[in-house]
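These are my notebook entries on a single chain. I looked up individual residues before turning to pairs, helix packing and the chain as a whole.

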Amino acid sequence: MSNSNNATNQIGLEKADMSAVIAQLNNLLSTYHVFYLNVRGYHWNVKGEHFFTLHPQFEELYTSLQLQIDEIAERILTLGGTPLHAYSDFTQHTSISEDKNVKDGTSCVKGVVSGLQALIAEQRQVSSLAAEGDDQGTADLIDAYVQEQEKLIWMYNAFLG
């Protein structure tokens, strides 16, 4: 399928509309990377009575985040953009902070909850912008992440009591 209209990308969406979506997806990709590293840190460093519960939970979460990172980067490419891929870019475009040297299980879980909340807030904005540009593929991808992460927040909050 050739693209004879220079105003649209390879999947028929307006390039002008998609430039804003691509920028927000790159910001989201950055937030995912920082959150991923935070969760890796929780996995490696958690100590205490809940170690055997939390250690595998954090591994499951960061494995899921790794897949989502790849899907977001591939979506950026599909829309005609270039995914950010340098840590220096991630630190400039993320909506969350690094969470260093956290060892207490409760503090780790609180970090997970706040990170998920930040992702969800950012993803709702991306989904809305994508829908405005008739980019149903991005909206559907992101909406599925939100639904999954809302459930995770409920479960992690249940752990916190």
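Entry 1, Val146. I began with Val146 and placed this residue in helix α5. The model is a predicted one, and I read every value below as computed from it. Is Val146 buried or exposed? Its relative accessible area is 8%, and the cut-off for buried is under 20%, so I recorded Val146 as buried. I then listed its neighbours, leaving out residues up to four places away in sequence: Val146 touches Ile120, Gln123 and Arg124. As a distance check I took Val146 against Trp44, and the C-alpha atoms are 26 Å apart in space, with the two positions 102 residues apart in sequence.

Entry 2, Arg124 and Glu150. Arg124, one of the residues touched by Val146, led me to a salt bridge. Which residue does Arg124 pair with? The partner is Glu150, and the closest N and O atoms are 2.6 Å apart. I noted that Arg124 sits in helix α4 and Glu150 in helix α5, so the pair links distant parts of the chain, 26 residues apart. I also looked up how accessible each partner is. Arg124 has a relative accessible area of 48% and is partly exposed. Glu150 also counts as partly exposed, at 36% relative accessibility.

Entry 3, Asp135 and Arg75. I next asked how many salt bridges the rule gives. The count comes to two. Besides the pair in Entry 2, I found Asp135 in a salt bridge with Arg75, where the closest N and O atoms are 2.6 Å apart. Asp135 belongs to the loop between α4 (105–132) and α5 (136–160), whereas Arg75 belongs to helix α2, so this pair ties together parts that are 60 residues apart in sequence. I recorded both Asp135 and Arg75 as buried. As a general remark, side chains of opposite charge can pair when their charged atoms come close.

Entry 4, α1 against α2. I turned to the packing of helix α1 (residues 15–45) on helix α2 (residues 51–78). At what angle do the two helices pack? The angle is about 160°, and the axes are 9 Å apart. Angles over 145 degrees count as roughly antiparallel, so I entered α1 as roughly antiparallel to α2. The crossing of α1 past α2 is left-handed. I then sorted the residues of this contact by type: 17 are nonpolar, six are polar and three are charged.

Entry 5, Thr8. I looked up Thr8 in the segment before α1. With 10% relative accessibility, Thr8 counts as buried. Measuring nothing by experiment, I took the C-alpha to C-alpha distance from Thr8 to Leu141 in the model and obtained 21 Å, for a separation of 133 residues in sequence.

Entry 6, the whole chain. I closed with totals. The secondary structure comes to five helices and zero strands, and along the sequence the pattern reads α-α-α-α-α. Taken along the principal axes, the C-alpha atoms fill a box of roughly 60 × 30 × 25 Å. Of the 161 residues, 43% count as buried. For contacts with a separation of 6 or more, I noted that residues 24 or more positions apart account for 78%.

Key. Residues are numbered from 1 along each chain as its sequence is written. This is a predicted model: local features need pLDDT of at least 70, side-chain atom pairs count only at pLDDT 80 or more; totals for chains, interfaces and linings use all residues. Side-chain values use heavy atoms; hydrogens and water are left out. Axes are lines fitted to C-alpha atoms, for helices over the stretch in contact, and angles run from 0 to 180 degrees between N-to-C directions. Angles under 35 degrees count as roughly parallel, over 145 as roughly antiparallel, 65 to 115 as roughly perpendicular and the rest as oblique. A crossing is left-handed if the near helix is turned anticlockwise from the far one by less than a right angle, and right-handed if clockwise. Ala, Val, Leu, Ile, Met, Phe, Trp, Tyr, Cys and Pro count as nonpolar, Asp, Glu, Lys and Arg as charged, and the others, Gly among them, as polar. A salt bridge is a side-chain nitrogen of Lys or Arg within 4 Å of a carboxyl oxygen of Asp or Glu. Buried means under 20% relative accessible area, exposed over 50%, partly exposed in between (1.4 Å probe, protein chains only). Contact means heavy atoms within 4.5 Å.
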